[in-house]
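Hi everyone, thanks for coming. I'd like to walk you through a structure, so please have a look at the screen with me.

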Number of protein chains: 2
Amino acid sequence: MTETPKTPLSQQELDVFERWWRAANYLSVGQIYLMANPLLREPLTLEHTKPRLLGHWGTTPGLNFLWLHLSRIIREQDRDILFVAGPGHGAPGVVASTYMEGTYSEYFPEVTRDEAGIGRLFKQFSFPGGIPSHAAATTPGSIHEGGELGYSLSHAYGAAFDHPDLVVACVIGDGEAETGPLAASWHSNKFLNPTRDGAVLPILHLNGYKIANPTVLARIPKGELEALLRGYGHAPIFVEGDDPETMHQAMASAMDQAFASIREIRNAARAGDTPSRPCWPMIVLRSPKGWTGPKTVDGLKTEGFWRAHQVPVADLAKGDHLAVLDAWLRSYRPEELFDEQGRLYDDIAELVPKADKRMSASPYANGGLLRRPLRLPDYAMHAVAVSGPGQATAEATRVLGGWLRDVMTANRDQANFRVLSPDENNSNRLNAVLEATDRAWEAARYDYDDHLAPDGRVMEILSEHTCQGWLEGYLLTGRHGFFSCYEAFIHIVDSMVNQHAKWLKTSREVPWRQPISSLNYLITSHVWRQDHNGFSHQDPGFLNHVATKKADIARIYLPPDANTLLHVADHCLRTRDVINVIVAGKQPDLQWLDMDAAISHCSKGVGIWEWASNDRGEEPDAVVACAGDVPTLEALAAVKILREQMPDLKLRFVNVVDLMALQSPEQHPHGLPGETFDALFTLDKPVIFAFHGYPSLIHTLIYKRANAANFHVHGYREEGTTTTPFDMTVLNHLDRFHLVSNIVRRVPRFAARTAYVEQSVRDKLVQHTRYVREYGKDMPEISEWRWE
Amino acid sequence: MTETPKTPLSQQELDVFERWWRAANYLSVGQIYLMANPLLREPLTLEHTKPRLLGHWGTTPGLNFLWLHLSRIIREQDRDILFVAGPGHGAPGVVASTYMEGTYSEYFPEVTRDEAGIGRLFKQFSFPGGIPSHAAATTPGSIHEGGELGYSLSHAYGAAFDHPDLVVACVIGDGEAETGPLAASWHSNKFLNPTRDGAVLPILHLNGYKIANPTVLARIPKGELEALLRGYGHAPIFVEGDDPETMHQAMASAMDQAFASIREIRNAARAGDTPSRPCWPMIVLRSPKGWTGPKTVDGLKTEGFWRAHQVPVADLAKGDHLAVLDAWLRSYRPEELFDEQGRLYDDIAELVPKADKRMSASPYANGGLLRRPLRLPDYAMHAVAVSGPGQATAEATRVLGGWLRDVMTANRDQANFRVLSPDENNSNRLNAVLEATDRAWEAARYDYDDHLAPDGRVMEILSEHTCQGWLEGYLLTGRHGFFSCYEAFIHIVDSMVNQHAKWLKTSREVPWRQPISSLNYLITSHVWRQDHNGFSHQDPGFLNHVATKKADIARIYLPPDANTLLHVADHCLRTRDVINVIVAGKQPDLQWLDMDAAISHCSKGVGIWEWASNDRGEEPDAVVACAGDVPTLEALAAVKILREQMPDLKLRFVNVVDLMALQSPEQHPHGLPGETFDALFTLDKPVIFAFHGYPSLIHTLIYKRANAANFHVHGYREEGTTTTPFDMTVLNHLDRFHLVSNIVRRVPRFAARTAYVEQSVRDKLVQHTRYVREYGKDMPEISEWRWE
Ligand SMILES: Cc1ncc(C[n+]2csc(CCOP(=O)(O)OP(=O)(O)O)c2C)c(N)n1
Ligand SMILES: Cc1ncc(C[n+]2csc(CCOP(=O)(O)OP(=O)(O)O)c2C)c(N)n1
Ligand SMILES: [Mg+2]
Ligand SMILES: [Mg+2]
């Protein structure tokens, strides 16, 4: 490794660095406290301060310090660096730096680069009509929301993949480091390829505290910490202390060393000279929480303690608090930082990198700018030949895998598509993708390994969190991806989905943010076909979760077979700024629609299957509706039983692919107009609905519809274990027999015949249960059932 | 550390160990494959095998190996050991071992200890009407469900806390180790006190693979792995290889060493001799996946590779598969293991520890047996004095904190109560608890630290997953706990809640499982009062999530003030086997009910507040309903406006504390009977409902009710940012003004006056928005609003 000097900064540089940092800190504190008198040109009074003091100071000086030192590297080495602030609650710092870089005024012209602009910058922070207290989509240069902690490092890796010139500097809070998602994501370095990917420079910000506790990593012996970081595969560089001058020199030196090491790793790899996984550098910044803030407040330790986390001195009317604030603000000597007009002095401003190189203006942070649409090969080439309903069998996700392989191939030279899964790619039957690429793997490999390679584009780590974080980072920086997951365990990322949905919603309101690719999920190994597993793997509630999100963000599709799945997947990969959830089975299943029918059906979202209906020209006695592959099968089987047993019963068969179409158009952009919905589902006939998920979800979606009270939904009732596929439906009353009995029961003109039908159904169910318990498989009449 | 011999087993012991292990492996394979001919006394035919081959072999031989060696320690050292199988999908192994210990036959008498019993043991596995393929509540000796991976280690710690004599042996899959929750939970050792708590012995099972990939930890250099484990604070003991004899000796020696070290740490600590946090031992078992299984199948590497994960040889009708299975099964030489009757030979059976010492019969694994009820001090002592509605102000959670402090004190000598939070205990204003105890902390401490102590009972780590896992482990082994969390981020544990709910549901159906304490959540820092934070912290969807769970498991309470919160919390801490979610604010808020009224109101769950209603003796024009503290305030303010502006409007005011009471009694045990519900909410009057969460949840709960179509719900619409409290309600139309306009609009006889009311409301809203944007706080008429 190149030797780097220990004191790389000249005295003059040191001086202006020190002033930059003071300015950034001043602007940060100002945002938290001031709504007038921004440059303290008058004596500070209570009236200048905000009535509600909201924000987080503790982490801020560290962020400001790092921003400054990363900018030096950019200037000196002409680097592309993206800044990810794990402690995004340190928004006052991030915002201050982006303001000092001028970007803020470019994006928000009213926040001018003068005293009035500083006044506006201050007032708007954590203020109604202003900006939130966390880094968010409104923050220039940010792809990372300050909020739920734990995702900075996986976001950073996602951003670095396939961006060979980029270095993502990722500040990780020592509190954040305690979270599961963060702890897991350290191992991302086993999936990053120095040849084709950028680099991630983790910076562990060991300020010792979180909200009201010390942090674990700050309170273990240094040897243990170093072992841990080496165990993660990093070479840590420690920068520790609190004396600004010494710390500036130490940090400059650490940065030089880290970036030299990154350059060496890159060069070696790109020269074809990487015998083994590189040991990437990282930086540990151990500095006081709330550094440069008040040492004590009311006699209690504040700087270097958790009391500095939010607003270190509040209740400004109390005791000496206003004086403490005044002294604190003036300790930065604003008059040495801003000129008469309130502009940064030139020598300070000269520290700003040029144009797009400014971290606040990085196009990587506004991924829509970089995004190129995916090249999508014709999915019809993968169509399953279906000569008539139920005349073919296919594994839907395996068919999809074939198309995804072609997508992979078509976009190989664009290097902007990855497929992710928590060790389930093959289990989810997307194996074919591995014909076009490998699984990314930078750790040791053996000759008997299967499709592992450093430049694979299938990303598999047994962490739903890490997969999700990688994907978000990848999308947010302008690329495309596809995430397949067991249905039950996608709940693991519920909260990450929330945060991403919030990001999307906000970014749509930010004029300079360009749309990014949608977050696409394939939810498979679903509740009804958990053959190798049991109750613990059965949970369709992710749909409920997604359905609570802002309507124009959430989309849910339940294609009933392979051809509809192909169509839906193609559609989803074309969309932007939404979250698409596709639910589809992986088991061999009957196929219903040929490609033309599939296209026509999916384009409508909800449609009558005429071949399964016998109400043409008449009012139906009941509507049999379904959504999901297994429910569709059972609903069709129910219809067939009724056709045979009660040919005079008029049934309409409706299949729902686009679940949100059930909502009203005011609720969701996909919502069917009232007339269409009423025409399909009638105004007053019973609707027996076989649904993939929890029945409550259907009721939630349709409660505004005229016929809502007549919907009777069969779905998952939280019953089940390791059993046969059909038994799962029986346990939850989603099977054809329960459907039959419910349909018949709801049609008044058949009241007299209900008892007999119900009895035959009960007989069947008894027979079924005895059979499966004896033979361990479904009755042939079930497993070999065909539509015709 | 005591020197332990490298080959502790005599040749004779080795021999019987080897046979035990063969027997356990044989019984495991038999469960996966056989439904007849259990001891292979006839030539194996296809008919003897199951039609559907379901299960996981790969991890199983390792589990069997470890079970055997832990049992040796129990026998030789008279230890209490609890076994946690992280890879709980290795149920065939766990079940085999519990069968060999006799426990299985004690709990399931039909599974006798003879050939017929083995036949039943085999057939029932992954078979309809039998047992699931994962360790579950049905598995003797287990507190840990095999399903979603990642929670073994936090469960283990939860079980060890306050069980000073216990050692929890926790097998961690190397795949599982990649998950976030598992990665975070290694640091649990900074919260375990060797004096009062038991010990956890992590056993990392490095079998190299997960479903279809190698594992990260198996493919990094050994030095890196060792550094990582030392970084976690452990002294790892490596047991590596595949030769059974050598491995038995190595494992016996490793166990001796580990338990000697545990004993030394304990003794030192309990002799008052612990200068610093101990370095606990752990074991790394590096052995082939599917050890002793077929080396290859169809020419492909199987033993020692991921192909061994599930059913290594399937499609038994194909090629030589049946012969491969036959040879595999016979390689264990069942005739040397089971006598004529099919009973384990005596010398093997003698390896079983006695009675309760058997891991399969550990009372720690059936926590309800050990559970002692909490001593609950009188919460009325903490009542806020409320002379009339809105005549007092209090911070509800702070009041609760006072009572929790007393609960802590009352149970100190029982040592069976802990309070958990992800670094938010004080932020959630439960500070008072720290007057009765400290925060648990075994890492370094400084003199200025605040309430940190090795024996604290407030557990704070910045990992919702770890808190949840600890609490589950603590409850499952017979104790009590209380988890407080920010509302938005409790979603992080959505999937863990699912798994626990499933455990509870199943365990209720297992006759020998005793009820355990409920999982109690206080959800605070809720969506409406995220003052320091913004949009990222606003999500009330955990309620939707919990509401999807099996009805007799889920309870949701929204106490509107401090006294109702006290009552609800007291109730929850008395319940068993359910999940209680309490939502309550932490900000100073108006108080409505004195203690008597609170008790009466909460006992009903839903009730009319007569003092806020003016419909007595008449039909109301509309019902104003509310659930949650902020909605209650806004609903009351709306009523007050209407009283003044339209005194002839007859309104009934209904407050909901027990949300599930809205469901019908068939749906939920708390559901109000139809007549009661209809009496409260009328059959046909508009119900304007101000709700804490997403409006859809109310519609979901009430869709079966007669008056469902007349419910108009105001709640969270996914709008918000850092702003004033009242502005949050305005952004989401939950505020008094939007409520007023909706109420008036719904009452036909006031149609003529609607326009004027709406106009005055709109004026107010404009005024509000201008005010907050100028002053950054709510208008005095809002912030100083009082009921009277
Ligand atoms: C997952 C999650 N849990 C809890 C919180 C609440 N919270 C906000 S800041 C914070 C402490 C963060 O500490 P650290 O990461 O060390 O940041 P810093 O010290 O730099 O402020 C916590 C617990 C959160 N934001 N996210
Ligand atoms: C959170 C989660 N994600 C995915 C799965 C699906 N899954 C089941 S077993 C398994 C591999 C487990 O590997 P490991 O922990 O090494 O266990 P072992 O090798 O001992 O079988 C996976 C990914 C799961 N059970 N849980
Ligand atoms: Mg910190
Ligand atoms: Mg493994």
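I'll talk about the symmetry, then the two ligand sites, and then the core.

Please keep in mind that this is a predicted model.

Let's start with how the chains are arranged. A turn of 180° and a shift of 0.0 Å along the axis lay chain B on chain A, with an RMSD of 0.0 Å. The two copies are therefore related as by a two-fold rotation axis. As for contacts, 100% of the contact residues of chain B recur in chain A, with the same surface serving both copies. And which residue of chain B comes closest to the rotation axis? That would be B:Gly180, whose C-alpha is at 1.9 Å.

Now to the ligands, beginning with ligand 1. This site is shared between chains, because residues from chains A and B surround ligand 1. There are 24 residues around ligand 1, and the ones that come nearest are A:Thr59, A:Asp174, A:Gly175, A:Lys289 and B:Glu464. By class, that shell has 9 nonpolar, 7 polar and 8 charged residues.

If you like to think in individual contacts, here are some to look for. An oxygen atom of ligand 1 is 2.8 Å from a polar side-chain atom of A:His89. From the backbone, an N or O atom of A:Gly175 lies 2.7 Å from an oxygen atom of ligand 1, and one of A:Tyr209 lies 2.8 Å from an oxygen atom of the ligand. On its own, ligand 1 has 590 Å² of accessible area, and the protein covers 99% of it.

Over to ligand 2, which lies between chains A and B. Here we have 23 residues around the ligand, with A:Glu464, B:Thr59, B:Asp174, B:Gly175 and B:Lys289 coming nearest. The shell around ligand 2 splits into 8 nonpolar, 7 polar and 8 charged residues.

In the side chain of B:His89, an N or O atom is 2.8 Å from an oxygen atom of ligand 2. A nitrogen atom of ligand 2 is 3.1 Å from a backbone N or O atom of B:Leu149. The protein buries 99% of the 590 Å² that ligand 2 exposes when taken alone.

Last stop, the core. Which members of the largest nonpolar core touch the most other members? Out of 372 residues, they are A:Phe681 and B:Phe681. Leaving out residues up to four places away in sequence, the residues that A:Phe681 touches include A:Val606, A:Leu662, A:Asn707 and A:Phe711.

That's my tour, and I'm happy to take questions.

Conventions
Residues numbered from 1 in each chain as written. Chains lettered and ligands numbered in written order. Predicted model: local features only at pLDDT ≥ 70, side-chain atom pairs only at ≥ 80, totals over all residues. Heavy atoms only, no water. Near = heavy atom within 4 Å. Polar contact = N/O pair within 3.5 Å; in protein donor to acceptor, adjacent residues only side chain to side chain. Areas by Shrake-Rupley, 256 points an atom, 1.4 Å probe, with all protein chains shown as cover. Nonpolar A, V, L, I, M, F, W, Y, C, P; charged D, E, K, R; others polar. Core = buried A, V, L, I, M, F, W, Y, C linked by side-chain atoms within 4.5 Å. Buried < 20%, exposed > 50% of the residue type's maximum accessible area, 1.4 Å probe, protein only. Contact = heavy atoms within 4.5 Å. Least-squares fit on C-alpha atoms with pLDDT ≥ 70 in both.
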